[in-house]
Amino acid sequence: MKQELIIAGFGGQGVLSTGKILAYSGMLQGYEVSWLPSYGPEMRGGTANVTVVVSDQPVSSPIVQMCDTIIVLNQQSLDKFEQNVRPGGNLIYDTNGITHHPTRKDINIYTINATEECAKMGNARLFNTMILGGYLKVCPIVDMEYVKVGLKKSLPERAWKTLPANEQAIVHGGEIITLVHKAE
Amino acid sequence: MGEVKLMKGNEVIAEAAIRCGADGYFGYPITPQSEVMETLMERKPWETTGMVVVQAESEVSSINMVYGGAACGKKVMTSSSSPGISLMCEGLTYLAGAELPCVVVNVTRGGPGLGTIQPAQSDYFQAVKGGGHGDYKVIVLAPASVQEMHDFVFDAFDLAFKYRNPVMILSDGVIGQMMEKVELAEQRPRWTDEEIVKMHSSWACTGKTADREGNIVTSLELDPYAQEQFNYKIFEKYARCEQEDVRFEEYMCDDADYLIVAFGSSARICKATIAQARAEGYKVGLIRPITLWPFPSKKIAEVAKRTKGVLVAELNMGQMVDDVRLAVNGAVPVEHYGRTGGAVYTPDQVYEALKNKIIK
């Protein structure tokens, strides 16, 4: 088993922490993992991305060109990373704010309207865990029991009161993710 | 088994410093290594082990605080990134000239000048040539994983005290910023004053007693012949280091027709390249120098001569390739592939270079 993925979006959307929760969960389940952020002067509002590798073998390169899955959370990231999905791989995106949709036919394309759902639930901060839930529905590489621990380990203690809401968001993400195009 | 955590390379440097019983860290923030001091400040080791952590007013000040701590026989260290390391090079040659042990971590970024904040390996020359002026060497360890960031802090202090010489951990923005699984060592106690006197009173400023001469820690010598004798002496030490402490990793070299030599993060990327190449029937092996000085010249020469050619992949315009060419000494072609300025190649790009330059 080896999953190489990139998560990309605006700084502040929880891109890096989504990757961290996944990496932590994978490690707890006994996999080898790596988490490599793009780092730069950008903070909130700038672009951010993270490369996560989860594998049953030691991770050789933490730098990946073609990914099994790419999760994009804004238009810039979609434009930049659509080409980096392996043929037959998965592209997951939130349609909020997207005007130019993906065009590739050789990959699976999923949408997840997490921005809208979070707004309905009245808590925009559940956005990234909902996205993670969507991803785990498509690629169930880590069991929920480890995801829960990974989530807790990734959050500072002062945020532990939000754990139940985040766990619920992960489950809901799995319910709302939709396959819009199957790889040809 | 020790405590297992998911941590950034930079955080692990701090954690390992505390756990190996270091006495002091003196630093100044710079991307991409600022998490080293941030982690130390969060961990507050002065409340537990008694380790001192100081944010100095500059890198020049940090390295001279290191000099002061080292002169007292303490386990002291600093960390920085490329431009900051340049500022410390005067201190490094003084430390080597005074035969003082210390650990310096460089989380390299793109240069020259202030350059970029993205990963690079363009400080290879600076590190292995010592950085400062005069005849001296710095022992250089190049970690390729977060686990090695941890382990090499322990190893670096061992080597620093074995040879009474600065040891550098030459990392880069990939290894510093990356999170991986790491197994942390048990907390070791700091040396007590009595232990330091017992081990280091022959050279360190541990407080002069009536039964011995005072120790003078200096790198100044006004008599050229005495300086010459001193230089011969430290180079005997370096010759011993070349005999006893060369380290490298050999990966799939037994049947290799082609060889890649790469260090640190590049070696990780090249392992993925090798998987691609072998899937297409090309037998490629890797030598990863772990000590960049002393350099594993003998091993590289021995493996290279069994192959048809060597590619040196490094995130610079061609630095370690010089040492590989000296080692191989014309036996087979040696080519360089690099990206520079903070750009990082992917396994595919290294594979393309391997096909274009070596396999043909």
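User: Strand β1 of chain A, residues 2-10: is it mostly covered or mostly open?

Analyst: Mostly covered. This is a predicted model, and in it seven of the nine residues of β1(A) are buried.

User: Which strands does β1(A) pair with, and in what sense?

Analyst: One partner is β3(A), residues 47-55. That pairing is antiparallel and runs over nine bridges. Another is β4(A), residues 67-72. There the sense is parallel, over four bridges.

User: Can you give me residues to click on? What is the bridge partner of A:Lys2 in β3(A)?

Analyst: A:Ser55. For the β4(A) side, look at A:Ile6, which stands opposite A:Ile70.

User: OK, new topic. How many residues does each chain bring to the contact?

Analyst: Chain A brings 19 residues and chain B brings 25.

User: And what area is buried between chain A and chain B?

Analyst: About 1900 Å². Carbon and sulfur atoms give 68% of that area.

User: Which three residues supply the most on the chain A side?

Analyst: A:Trp35, A:Tyr39 and A:Ile63. Together they supply 35% of the area that chain A buries against chain B, more than any other three residues.

User: How many salt bridges cross the interface?

Analyst: The rule finds one. B:Lys181 and A:Glu32 form a salt bridge through their side chains, at 3.4 Å from N to O.

User: What about polar contacts, how many residue pairs?

Analyst: Six residue pairs across the interface, with both residues at pLDDT 80 or more.

User: Which element of chain A gives the most to the side touching chain B?

Analyst: β2(A), with six residues. Helix α1 of chain A, residues 15-28, also supplies at least two, as does β2(A), residues 32-37.

User: What classes of residue are on that side?

Analyst: It has 12 nonpolar residues, five polar and two charged.

User: Which strand of chain B does β2(A) pair with?

Analyst: β8(B), residues 179-184. The two strands run in the antiparallel sense, over two bridges. In β8(B), B:Glu180 is the bridge partner of A:Ser34.

User: Last topic, helix α1 of chain B. How many of its residues are buried?

Analyst: 10 of 11, so to speak nearly the whole run of residues 9-19. Among them are B:Gly9, B:Val12, B:Ile13 and B:Ile18. Charged names turn up there too, including B:Glu15 and B:Arg19.

User: What follows that helix?

Analyst: B:Gly21 follows α1(B), and its phi is positive, near 85 degrees.

Terms used
Residues numbered from 1 in each chain as written. Chains lettered and ligands numbered in written order. Predicted model: local features only at pLDDT ≥ 70, side-chain atom pairs only at ≥ 80, totals over all residues. Heavy atoms only, no water. Buried < 20%, exposed > 50% of the residue type's maximum accessible area, 1.4 Å probe, protein only. Contact = heavy atoms within 4.5 Å. Buried area = accessible area lost by both parts, 1.4 Å probe. Salt bridge = Lys/Arg side-chain N within 4 Å of Asp/Glu carboxyl O. Polar contact = N/O pair within 3.5 Å; in protein donor to acceptor, adjacent residues only side chain to side chain. Pairing = 2+ DSSP bridges.
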